[in-house]
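Biologist: I have not seen this structure before. Could you take one part of it and go through that part closely, then show me what surrounds it?

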Amino acid sequence: WTQAIADATEALRLDSQNAGYLVIRGKSYLQGNQPKSALVDFQEAIRLDSRRPEAFIGRARSYLALHNDVEALNDVNAALSLEPQNGTSLTLRGIIFSGMKRWDEAGASFNEALRIRPDDPQAKLGRALIFGQQGQMALGIQEATEVVTNHPKGPRENKLYKSSVAVFGS
């Protein structure tokens, strides 16, 4: 991610008004666990071009990393107003609603995301969490097991494995 930040910074030096370069650098900052720097880049990208759903999604992820669920939800909704069938935005909205313990809305978001992208592992694991919260542990365990066992390198390589273990146990 450090090289990607350097490359995007150089590109911005040559074209400081390019919202796409800001989005790229913002995503790289998020990968490097620098959400405040990412937030600045996504805000500037939105100022330059408010028709980019990926800028709103990136800013939402930054807000989420900074524990600002309300602003994150506002940005996800802004992204969805630009691109209503965006599975990434719908999954992220489900994650945000889960963090807010708004289980019914989270479940609806995950289900909507899965209608668009049926194999989305984050949406499936999110839905598994919702099943667990609704007392449907068997369905939740089944969904989570499917997600972690279908990873191409095996279940323990799946980045969602730890999340599912935290929710359902090992």
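**A close look at one helix**

Modeller: At the N-terminal end of α6, N86 acts as a cap, with a side-chain oxygen 2.9 Å from the backbone nitrogen of T88. That is a polar contact, meaning a pair of N or O atoms within 3.5 Å; within protein, one must be able to donate a hydrogen and the other to accept it, and residues adjacent in sequence count only if both atoms are side-chain atoms. The model is predicted, so local features need pLDDT of at least 70 and side-chain atom pairs pLDDT 80 or more, while totals for chains, interfaces and linings use all residues. Residues are numbered from 1 along each chain as its sequence is written, and side-chain values use heavy atoms, with hydrogens and water left out.

Helix α6 covers residues 87-99. Helices here are DSSP runs of H or I, at least four residues long, and strands are runs of E, at least two long, both numbered from the N terminus. The expected span of a helix is 1.5 Å times one less than its number of residues. For the 13 residues of α6 this gives 18 Å, which agrees with the 18 Å between its end C-alpha atoms. After the helix comes K101, whose phi is positive, near 60 degrees.

Is α6 enclosed or open? Of its 13 residues, 10 are buried, so α6 is largely enclosed by the rest of the structure. Buried means under 20% relative accessible area, exposed over 50%, and partly exposed in between, with a 1.4 Å probe and protein chains only. Among the buried residues of α6 are G87, L90, L92, R93, I96 and F97. They pack against α4, α5 (69-82), α7 (103-116) and α8 (121-133).

The rest of the chain gives the setting. The protein chain has 10 helices and zero strands. Of its 170 residues, 44% are buried. Among contacts with a separation of 6 or more, 42% join residues 24 or more positions apart; a contact means heavy atoms within 4.5 Å.

Charged side chains also link parts of the chain. A salt bridge puts a side-chain nitrogen of Lys or Arg within 4 Å of a carboxyl oxygen of Asp or Glu, and by this rule the count is 12. In one of them, D41 and R25 bring their closest N and O atoms to 2.6 Å. This pair links distant parts of the chain, since D41 is in helix α3 and R25 in helix α2 (residues 19-31), 16 residues apart. D41 is buried at 4% relative accessibility, and R25 is buried at 15%.

Another salt bridge joins R47 and E44, at 2.5 Å from N to O. These two are three residues apart in helix α3, so about one helical turn separates them. R47 is exposed, at 55%, whereas E44 is partly exposed, at 26%.

The loop between α3 (35-48) and α4 (53-65) holds D49. This residue is buried, with a relative accessible area of 18%. Its side chain makes a polar contact with that of R52, at 3.4 Å, and a network of salt bridges links D49, R51, R52 and E54.

R117 and D120 form a further salt bridge, with the closest N and O atoms 2.7 Å apart. R117 is partly exposed, at 33%, and D120 is buried, at 5%.
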